[in-house]
Amino acid sequence: MAIRMTRRGMLGSGLAAAALGVARPLRAATTARSSHERCDVCVVGAGFAGLAAARALAQAGKRVLVLEARNRVGGRVHTVTLKNGAWIDLGGQWVGPTQDRFYAFIKETGCATYASPHAGETVVRGVTKPELMRVGEDWSTVPGYDLVEAVEAKLTELAAGIDADAPWTHPEAVRLDGLTLAEWLRATVPNENAQQYAGQVISDYLCASPDELSILHTAWFVKACGGFAMLNGFDGGAQQDRVVGGAQVVADRVAAALGDIFRFRKPVRRIAWGETGVTVHSDDYSVEAAHVVLTAPPSLAGAIEYEPCLPASRTQVTQRWPQGIVIKVQMVYDEPFWRHDGLSGTSFDYQSPINETADSSTPEDASKAGVLTGFVHSAEARRIAPLPAAERKHLLLADIAKRFGPKALSPVHYMEANWTTESWTRGCFAGFLTPGATYLFKTATRDPIGPIHWAGTESATAWPSFIDGAIRTGERAAQEILAARAGAPAAAVG
């Protein structure tokens, strides 16, 4: 198994970045407007799901307005550019094979990709002999790694029998959805270190602890993303490429092509809906439309007031759909010094706060700076988040120095993105369904309710939690609306 280093995650940050010489992302100009407007479709959220829905609907000739609580597009994608020419993706940043919709957006907006740097050896902590070591392509030298591979093989076998569009149809869905990943690991893996290692690797995809996830939901996620080889890999895997200039550039260009349809700093508080359409209310602004597409994370969508109330199944599933937690750490150095020592920048340590890192450096023709990206997931993120910022930075850099040497202690820039503290996200990479919810609520995660349609990477059935999954759901919602207005059933997408 090629280890999954580097979470693509749907991450971002509202961190102030002026001190870093940041090139601000595209924002719409502020102009005087009526406090009430009308359109065919109102889209809530200007992340990639909202952008995809608005784009598809506009191309079909519909009048669309997009309400966004932030002052920018991109949602859980956010790129900042440094004075030295390097850029940092505080949010989602990777793209790989079969993520066809994101690649299409990249191409159609005139953006380009470059191969993620990963040449060299990986630093990893052994399983049965838990010491840090360097390893090349042959992971058989890692003590006890065969135990982890056996876990992945069993989970892969389970995932093979799951329908990504309808996981609740599995013959043992009730039992599997009531069994946590932690319980399954204890019954499957005899070695405690191997349980911890495998639990960390697998649950990190969803930024949750093994005790929070059902094995059905976990196996569904593996199936929906094409398996471990796809999830874990660089060449031929989900971390294969990055966008030149950062993923934010794609979002900005999609938005620019759509024109003056965005209304920023407009958090949605209330939606009145009925057979004839919806009225979407912000604090000082409202939109009348025939349909609305809600792309906010489920926990935030559930906090909106609906008149009348939504059906019980939708209300209940939203209450069982929390956001994951991860702190994404970006460390910028004058150069990628780890390469001089034959290291790739990739590491995995299941016993440390930063359990994984990756080389996120930009091409040398853009900047000679070196960028290490680290991730602090779930329980560790909850543990260190309350620490004073200086103490947390000292702790995490010391962790990195154990893998890459003393030069790691002195980055020229250091940034953290903790989306749990972001008012309009409250967690990343995405939401996850708690044990029992997948079987109990089935298609309630994405079924339209009258004129209300749902999008967002959480509801994707292909590449959930990735940018590609978000795009697919936005396009799915657009197809539902277009089909409803044409009186035809919608085609299945994402």
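In which loop is Pro 308 found? In this predicted model, Pro 308 belongs to the loop that runs between β16 (305–307) and α11 (312–319). The legends below cover this site and further close-up views.

**Figure 1. Cis peptide bond between Glu 307 and Pro 308.** The view is centred on the peptide bond that joins Glu 307 and Pro 308, which is cis with omega at about 0°. Strand β16 (305–307) and helix α11 (312–319) flank the loop that holds Pro 308. Most peptide bonds are trans.

**Figure 2. Cis peptide bond from Cys 428 to Phe 429.** Omega is near 0° for the bond that runs from Cys 428 to Phe 429. Phe 429 sits in the loop between β21 (413–418) and α14 (437–441).

**Figure 3. Positive phi at Ser 378.** Ser 378 is a residue other than glycine, yet its phi is positive, near 35°. The residue is part of helix α12, which spans residues 378–384. Most residues other than glycine have a negative phi.

**Figure 4. Packing of helix α1 against helix α2.** Helix α1 (residues 48–59) packs with helix α2 (residues 100–108) at an angle of about 70°, and the two axes are 13 Å apart. Because angles of 65 to 115 degrees count as roughly perpendicular, α1 is described as roughly perpendicular to α2. The crossing of α1 past α2 is left-handed. On the α1 side the contact uses Phe 48, Ala 52 and Arg 55, and these meet Phe 102, Phe 105 and Glu 108 of α2. Divided by class, this contact of α1 with α2 comprises four nonpolar and two charged residues, with no polar ones.

**Figure 5. Crossing of helices α3 and α5.** The axis of helix α3 (residues 145–160) comes within 11 Å of that of α5, and the two cross at roughly 120°. That angle makes α3 oblique to α5. The crossing of α3 and α5 is right-handed. Val 151, Lys 154 and Leu 155 form the α3 side of the contact, while Trp 184, Leu 185 and Thr 188 form the α5 side. The contact of α3 with α5 has four nonpolar residues, one polar residue and one charged residue.

**Figure 6. Crossing of helices α5 and α6.** Helix α5 (residues 181–188) and helix α6 (residues 192–203) cross at roughly 145°, and their axes come within 10 Å. This crossing, in which α5 passes α6, is right-handed. From α5, Leu 181, Leu 185 and Arg 186 meet Gln 195, Ala 198, Gly 199, Ile 202 and Ser 203 of α6. The contact of α5 with α6 contains four nonpolar residues, three polar residues and one charged residue. Leu 185 of α5 takes part in this contact and also in the contact with α3.

**Figure 7. The largest cavity.** The structure holds two cavities of 30 Å³ or more, and the largest encloses about 200 Å³ of space. Of its 21 lining residues, His 217, Trp 220, Leu 433, Glu 458 and Ala 460 are the closest to the centre. Helix α7 (residues 215–224) supplies the largest share of this lining, with three residues. By class, the lining of the largest cavity has eleven nonpolar, seven polar and three charged residues.

**Figure 8. The second largest cavity.** The volume of the second largest cavity is about 60 Å³. Its lining includes Leu 294, Ala 296, Pro 298, Ala 301, Arg 314 and Trp 321, together with Thr 445, Trp 454, Ala 455, Gly 456, Glu 458 and Ser 459. Seven of the lining residues are nonpolar, three are polar and two are charged. Glu 458 lines this cavity and is also among the residues closest to the centre of the largest cavity.

**Figure 9. The largest pocket.** A volume of about 500 Å³ is found for the largest pocket. Its lining consists of 33 residues, and those nearest its centre are Gly 45, Ala 296, Pro 297, Leu 300 and Trp 424. The elements that give two or more residues to this lining are α1, β3 (64–68) and α10 (298–301). The largest share, three residues, comes from α1. By class, the lining of the largest pocket has 18 nonpolar, nine polar and six charged residues. Ala 296 is one of the residues nearest the centre of the pocket and also lines the second largest cavity.

Definitions and conventions. Residues numbered from 1 in each chain as written. Predicted model: local features only at pLDDT ≥ 70, side-chain atom pairs only at ≥ 80, totals over all residues. Heavy atoms only, no water. Axes fitted to C-alpha atoms, helices over the stretch in contact; angles between N-to-C directions. Helix = DSSP H or I, 4+ residues; strand = E, 2+ residues; numbered from the N terminus. Parallel < 35°, antiparallel > 145°, perpendicular 65-115°, else oblique. Left-handed = near helix turned anticlockwise from the far one by under 90°. Contact = heavy atoms within 4.5 Å. Nonpolar A, V, L, I, M, F, W, Y, C, P; charged D, E, K, R; others polar. 1 Å grid on protein atoms, 1.4 Å probe; cavity = no way out; pocket = protein on both sides within 12 Å on 5 of 7 lines; lining within 4 Å. Points joined across faces, edges and corners; volume = space filled by probe spheres on them.
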